[in-house]
Amino acid sequence: SLQVPTLNADRSNWLYYKAQVEWAISSKGLIRHLTGLDAKPEDPSAGKDASWKPTAMEQKLVSEYPEKLQQWAKDNGYIKQVITVSLLESLFLRVLKEETAKSVWGVLTDLFQNSSHVVAIDLWRKLQESHCLEKGNVCTHFDKMCALCEQLAALGQSITDDDFAAIILKETILFDSGASHHMSSYCSKFLDYKPIVPKPITAANIHTFHAIGKGDLAIS
């Protein structure tokens with residue numbers, strides 16, 4: 001059976017979730033149900049009275065209709081199941097009465113797609129305003145910032161390594177990494193700052209930024 005991630009009610013993983021659902025359903029050759037291109041078959045005899053005399057072609061369509069409807073219902077139900085098992089109860093209730101996979105998907109898209117940019121703006125704000133409390137755990141603070149970056153990436157708002165480095169270094173003159181060498185983004189505070197050939201530094205979350213100088217800081 002297909003498995004997709006749970007859709008977060010706060011919209012933080014909508015783009016990731018959307019891609020996973022579409023890829024999973026495409027792998028079964030059923031994406032046309034999601035887009036509505038495979039619509040529910042219509043009964044060829046609907047609206048016809050007792051005097052209707054179908055042609056050979058019409059009779060063929062009438063005889064094929066039950067099987068086509070059964071297959072459509074099976075595929076439609078399967079896709080709805082794939083989607084709804086990944087929804088929290090509050091979201092499931094929003095789509096409970098929808099008949100087709102397309103309409104279920106349409107409700108979710110209306111709820112999440114148009115508001116994902118609002119979530120991204122809020123995440124950017126949290127990232128920009130993030131700072132480590134005095135005597136706080138630097139590693140815990142760093143992990144929280146990485147989590148915000150991952151949520152932004154899930155919304156299609158990937159942050160560059162240089163921007164990430166600037167954010168984590170902007171809040172303090174000295175960033176104590178726990179290693180033998182520490183970092184600062186304040187060149188003017190160095191007693192004897194000297195430019196160096198840029199050297200890549202890989203953070204714990206695999207972000208890479210560059211050291212561009214070295215020197216001594218007076219710490220009081």
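# Getting to know helix α5 and its surroundings

Student: Which residues are buried in α5?

Tutor: Some vocabulary to begin with: helices (H or I, at least four residues) and strands (E, at least two) are DSSP runs, numbered from the N terminus. Buried means under 20% relative accessible area, exposed means over 50%, and partly exposed is in between, with a 1.4 Å probe and protein chains only. In α5 the buried residues are A101, V104, W105, V107, L108, L111 and F112.

Student: Why do the buried residues of α5 line one face, and within what arc do they fall?

Tutor: An α-helix has 3.6 residues a turn, so residues three or four places apart point the same way. Take the directions from the helix axis to the C-beta atoms; the arc is the arc of those directions. Looking down the axis of α5, its buried residues line one face because they fall within an arc of 155°.

Student: What pLDDT does the chain average?

Tutor: This is a predicted model, where local features need pLDDT of at least 70 and side-chain atom pairs count only at pLDDT 80 or more, while totals for chains, interfaces and linings use all residues. Residues are numbered from 1 along each chain as its sequence is written, and side-chain values use heavy atoms, leaving out hydrogens and water. pLDDT is the predictor's confidence in each residue, from 0 to 100. At least 70 is reached by 79% of the residues, and the chain average is 80.

Student: Which helix has the highest confidence, and which the lowest?

Tutor: Go by the mean pLDDT of each one. At the top is α3 (residues 56-84), at 94, and at the bottom, with a mean of 70, is α8.

Student: How far apart are the end C-alpha atoms of α5?

Tutor: The expected span of a helix is 1.5 Å times one less than its number of residues. The twelve residues of α5 (residues 101-112) should therefore span 16 Å, and the model agrees, with its end C-alpha atoms apart by 16 Å.

Student: Which helix gives the most residues to the largest nonpolar core?

Tutor: A nonpolar core is a set of buried Ala, Val, Leu, Ile, Met, Phe, Trp, Tyr and Cys residues joined through side-chain atoms within 4.5 Å. The largest has 23 residues, and L7, Y17, V21, I83, W105 and L108 touch the most other members. At least two residues each come from α1 (14-26), α3, α4 (89-95) and α5. With seven residues, the one that gives the most is α5.

Student: Which residues does L108 touch?

Tutor: Contact means heavy atoms within 4.5 Å. Leaving out residues up to four places away in sequence, L108 touches L7, W14, Y17, I83, L87, V95 and Q113.

Student: What is the centre-to-centre distance of W14 and W105?

Tutor: Rings of Phe, Tyr and Trp (its six-membered ring) pair if their centres lie within 6.5 Å; planes under 30 degrees apart count as stacked, over 60 as edge-to-face and the rest as tilted. There are four aromatic pairs in the whole structure. W14 and W105 form a tilted one, with 35° between the planes and a centre-to-centre distance of 5.7 Å.

Student: How many residues apart are Y17 and W105?

Tutor: Y17 and W105 also form a tilted pair, 6.2 Å centre to centre with 35° between the planes. Y17 counts as buried because its relative accessibility is 0%. Y17 belongs to α1 and W105 to α5, so to speak distant parts of the chain, and their separation in residues is 88.

Student: Is N76 buried or exposed?

Tutor: N76 sits in α3, and has contacts with H33, E99, T100 and A101 outside its neighbours within four places in sequence. Its relative accessibility is 5%, so N76 counts as buried.
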